[in-house]
Each structure stands twice: as C-alpha cells, then as structure tokens.
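Me: Please take a close look at the aromatic pairs in this model and at the helix that carries part of them. I would like one connected account.

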Amino acid sequence: MTAPDRKRTAHRSFGDAPEHVVEFYKENHREQTVAVANAKAERFRALGERKMSAWDVLLELDEFIDESDPDTELGQLDHALQTAEAARVAQAPEWLVLTALVHDLGKVLCLFGEPQWAVVGDIFPLGCAFSEEVVFHEFFSENPDTREPRYAGATGMYEPGCGLDAVTMSWGHDDYLARVLEGRLPAEALYVIRYHSFYAAHTHGAYRELFDERDRELMPWVRRFQAFDLYSKTPDAPERDALLPVYRELLERWLPDQLDW
C-alpha cells in the first residue's frame with residue numbers, strides 16, 4: 001500500500017523541525033544507552049503501575065502531545081482515531097484496524113511520570129553502531145555507548161542474524177505496550193506495535209544485519225501500517241461523536257478487560 005505523493009513530502013521531514021523536536025532528540029540520543037534501557041525494562045515490564053482498560057487509557061491520552069512528532073499538534077486520542085479510520089477505510093484486516101487504534105497507548109508511561117525522551121520518538125538498536133539512517137544521527141556523539149568498544153560495528157554485541165527480539169532496543173512505548181498486550185493480540189499485531197517507531201529499519205532499510213527470518217516475514221506488516229500512521233495526520237480533529245462509539249465497540253470485543261500497566 002502506498003500513500004499519495006503529495007503527502008509523502010509533507011511528513012517525516014525533520015530539516016525544518018520545530019526547536020522542541022530538535023531538543024527532544026538531543027536528549028533522547030544522549031540518554032538512551034544499553035544500561036538505561038535495561039533498567040527501564042526491568043522496572044516497567046513487571047506491569048505493576050496500575051490496572052486500566054485500553055479504552056480508559058485511550059481517553060487518558062486525549063490531551064497528551066508527543067514532543068518528538070513534527071507532523072501533528074493533536075492529542076493522542078485524535079491521532080489514534082485518524083490512524084484507525086485510515087486503516088478501516090483501506091479495508092485492512094480488523095486486527096490491523098485495532099492495532100492502528102491502540103498502537104500508541106504505551107505513551108501512558110508519561111502519565112506515570114516518565115520523561116518523554118524515554119517514551120516517544122524513533123527507536124533504534126543499542127549495543128551496536130548507531131546507523132546514519134536514524135533521525136538526527138549526529139546527536140549520538142554525546143551518547144556514552146559510542147565509547148564502548150564492544151558496541152562498535154554494525155552488529156556490535158550481537159550475532160549477525162540474531163533477530164530483533166534478541167536485540168536491546170532504545171526503551172519506549174513500543175516494547176512496553178507489546179508487553180502489556182502479550183497473548184491478547186495476534187503475533188503480527190504485537191510485532192507492528194513493537195517496531196512501528198523503528199523508522200531506520202522499516203523505512204530506510206538499516207540494521208538488516210540483525211534480522212532473522214521472522215523479521216523478514218513480519219516487517220512488511222509494519223511498512224503497511226505506516227501508510228495509516230503517518231499519512232492520516234491532518235491538522236483537523238476527527239469527528240469524535242461519530243467515531244468514538246465505533247471504536248469503543250471494537251475495543252470491547254478485543255480488549256474488554258482491565259489490563260496490567
């Protein structure tokens with residue numbers, strides 16, 4: 001699936017990004033290290049912050065603005081509705097429409113007190129060389145992992161072809177939400193959620209040395225999802241009165257229970 005050419009040039013253009021986006025990535029690229037990601041994972045993968053339904057989290061994120069996103073100033077509820085509607089109109093499988101609706105719910109970490117640099121933005125592998133395809137690659141010069149010899153080279157501390165599931169990714173909402181929803185959604189949906197912010201790989205083809213057969217099989221779903229995530233962003237808020245009942249019913253069928261967050 002491809003997006004209209006007129007929209008291709010309008011999104012993911014960081015050359016004229018607002019100053020707050022630039023400052024976000026300076027901090028993100030400086031702070032995201034193997035040690036930090038492991039510490040965050042140990043804390044939050046226990047999923048002991050609180051119990052909430054997916055619907056409640058969606059509403060909680062209504063006014064949350066992602067500081068890393070140069071494409072929209074809408075809150076996450078509106079972004080979720082835009083993305084889900086784009087998938088539904090394209091007649092995507094229902095599990096992918098649901099994925100489009102919930103893909104950013106992991107940003108609830110910010111409501112638990114986490115700084116945005118540790119929650120949002122593009123994700124990338126740690127423990128190996130930072131690809132030049134990662135946005136604002138130059139800011140990695142301040143990251144202490146660049147001075148660790150065992151993290152040098154395209155595969156760093158990993159075996160070639162080890163698979164992304166064996167890679168320590170920069171910590172954020174993607175992996176966190178995949179953990180929350182483990183066992184509740186199809187494997188394809190969890191893969192899309194876990195890697196939808198991995199632009200260096202799914203958009204620019206970087207880090208293929210780390211892929212295994214499973215990654216090569218499932219990454220096309222992530223690329224398909226991006227047509228809905230990126231190119232649905234418009235400055236106008238969606239029609240909530242019409243859409244909220246539709247998507248509440250979808251959530252209640254797929255994720256009716258209180259979830260551990």
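Reply: By the ring-centre rule, the count in this predicted model comes to twelve aromatic pairs. One of them joins Trp95 and Trp221: the ring centres are 4.9 Å apart and the planes stand at 70°, which is over 60 degrees, so the pair is edge-to-face. This pair links distant parts of the chain, with the two positions 126 residues apart in numbering. Trp95 belongs to helix H6 (residues 94–102), and Trp221 to helix H10 (residues 213–229). The two tryptophans fall into separate accessibility classes. Trp95 has a relative accessible area of 15% and is buried, because the limit for that class is under 20%. Trp221, at 25%, lies between that limit and the 50% above which a residue is exposed, so Trp221 is partly exposed.

A second pair has another geometry. The rings of Phe136 and Phe139 have centres 5.2 Å apart and planes at 20°; an angle under 30 degrees counts as stacked, and therefore this pair is stacked. Phe136 is buried at 13% relative accessibility, and Phe139 is buried as well, at 16%. Both phenylalanines belong to one aromatic cluster, which they form with Phe24 and Tyr25.

Back to H10, the helix of Trp221. The axes of H10 and helix H5 (residues 76–89) come within 8 Å and cross at roughly 120°. That angle lies outside the 65 to 115 range for roughly perpendicular and is not over 145, so H5 and H10 are oblique to each other. The crossing is right-handed. On the H5 side the contact is made by His79, Thr83, Ala86 and Ala87; on the H10 side Phe225, Phe228 and Asp229 take part.

H10 also holds Arg224. With a relative accessible area of 23%, Arg224 is partly exposed. Its C-alpha atom is separated by 20 Å from that of Glu133, and the two residues are 91 apart along the chain.

As for confidence, the mean pLDDT of the protein chain is 91, and 92% of its residues reach 70 or more. Over residues 1–11, however, the pLDDT is below 50. Beyond near neighbours in sequence, that stretch has 14 contacts in the model.

Methods: Residues numbered from 1 in each chain as written. Predicted model: local features only at pLDDT ≥ 70, side-chain atom pairs only at ≥ 80, totals over all residues. Heavy atoms only, no water. pLDDT = per-residue confidence, 0-100. Contact = heavy atoms within 4.5 Å. Phe/Tyr/Trp six-rings, centres within 6.5 Å; stacked < 30°, edge-to-face > 60°. Helix = DSSP H or I, 4+ residues; strand = E, 2+ residues; numbered from the N terminus. Buried < 20%, exposed > 50% of the residue type's maximum accessible area, 1.4 Å probe, protein only. Axes fitted to C-alpha atoms, helices over the stretch in contact; angles between N-to-C directions. Parallel < 35°, antiparallel > 145°, perpendicular 65-115°, else oblique. Left-handed = near helix turned anticlockwise from the far one by under 90°.
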